[in-house]
Amino acid sequence: MFDRTTMELNVIPLLRSALQEDITSEDVSTNCIMREKCLGEVDLMAKQEGIICGLQVFEAVFTLLDPETQVKTYVKDGDRIQPGQKLAVVRGDIRVLLSGERTALNYLQRMSGVATHTRQIADLLEGTGIRLLDTRKTTPNNRIFEKYAVRVGGGCNHRYNLSDGVMLKDNHIEAAGGVTEAVQMAKEYAPFVRKIEVEVENLDMVREAVVAGADIIMLDNMDHDTMAEAIRIIDGKAEIEISGNVDEKKVEMLRDLSVDFVSSGALTHSSPILDLSLKHMRRI
């Protein structure tokens, strides 16, 4: 759940922008059939099995339009839901319920989809001690929602943005002139409290990263045997992350490897939405 400061400074401005995108001057469809305030209720219904996530955001969309709107929830973020299950009731001015419906559902369906996909992969790693990480491959202006959804689904967040930590990827290494040079430059520039992560693509780079003193070594797009040899070379001298086209099938093949992290961009860039709807609009 987002704390009050995060909501006010980071979440609400994005929700307001989303509403402005959807209502540039008026909701003409609603204003055609509802000329004045009329109290009503509508049910939030599940159409698929999955992990619900984003109820706080869902509610905030409606209360931005009218602070008197009330949302009564029957589930909480992280709960597994079933098709046909009533998840919440939204009560307020019917004009608000109609105008906020699509924006509120867009957030809730997207966040629930990410949480559901994350849970599926996290379950495959259960009992291994390997932590599942997301990446920065997020929808622009939706990172705060998608990374929260990863946590709800049982994953962990990698760095939030470019200011969070040092990650020396292939282009950084080439620009610096090599692994050794890139790590040395990072040690000279970055505060000592920040770890230095290096992305490597072959065993020669692994050896160089170990000697250079990298804190975390990311094994990128290596086959199983190469990863096993890389782990032997690292020999506990750095934390190990595996990355590169990580999906359910690949995760199952990684369970026997002694690594610390597996990162997957697919958690945020390829998760389908979870199908939810607002149904049974009624006057009260």
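1. Let's start with charge. In this predicted model, the protein chain carries 34 positive and 45 negative charges, and the mean positions of the two sets are 6 Å apart.

2. Some of those charges pair up: the structure holds 15 salt bridges. One of them joins the side chains of Lys-37 and Glu-68, at 3.4 Å from N to O. Lys-37 sits in the loop between α2 (28-33) and β1 (39-46), while Glu-68 sits in the loop between α3 (55-65) and β3 (70-73), so this pair ties together parts that are 31 residues apart in sequence. Lys-37 is partly exposed, at 46% relative accessibility, and Glu-68 is exposed, at 57%.

3. Next, have a look at Asp-93 and Arg-95, whose side chains meet in a salt bridge of 2.6 Å, N to O. Is Asp-93 buried or exposed? With 5% relative accessibility, Asp-93 counts as buried; Arg-95 is partly exposed at 26%.

4. Helix α8 (residues 203-212) has a salt bridge of its own. Asp-204 and Arg-207 both lie in that helix, three residues apart, or about one turn, and their closest N and O atoms are 3.2 Å apart. Asp-204 is exposed at 56% relative accessibility, whereas Arg-207 is partly exposed at 39%. Elsewhere, Glu-41, Asp-43, Arg-91 and Arg-282 are joined into one network by salt bridges that share partners.

5. Now the overall picture. The chain has eleven helices and twelve strands, and its C-alpha atoms fill a box of roughly 70 × 35 × 25 Å along the principal axes. Of its 284 residues, 51% are buried. The chain exposes about 14400 Å², with carbon and sulfur atoms supplying 48% of that area.

Methods. Residues are numbered from 1 along each chain as its sequence is written. This is a predicted model: local features need pLDDT of at least 70, side-chain atom pairs count only at pLDDT 80 or more; totals for chains, interfaces and linings use all residues. Side-chain values use heavy atoms; hydrogens and water are left out. Helices (H or I, at least four residues) and strands (E, at least two) are DSSP runs, numbered from the N terminus. Buried means under 20% relative accessible area, exposed over 50%, partly exposed in between (1.4 Å probe, protein chains only). Accessible areas come from the Shrake-Rupley method with a 1.4 Å probe; for residues, only the protein chains shown count as cover. Lys and Arg count as positive and Asp and Glu as negative; His and the chain ends are not counted. The place of a charge is taken as NZ of Lys, CZ of Arg, CG of Asp or CD of Glu. A salt bridge is a side-chain nitrogen of Lys or Arg within 4 Å of a carboxyl oxygen of Asp or Glu.
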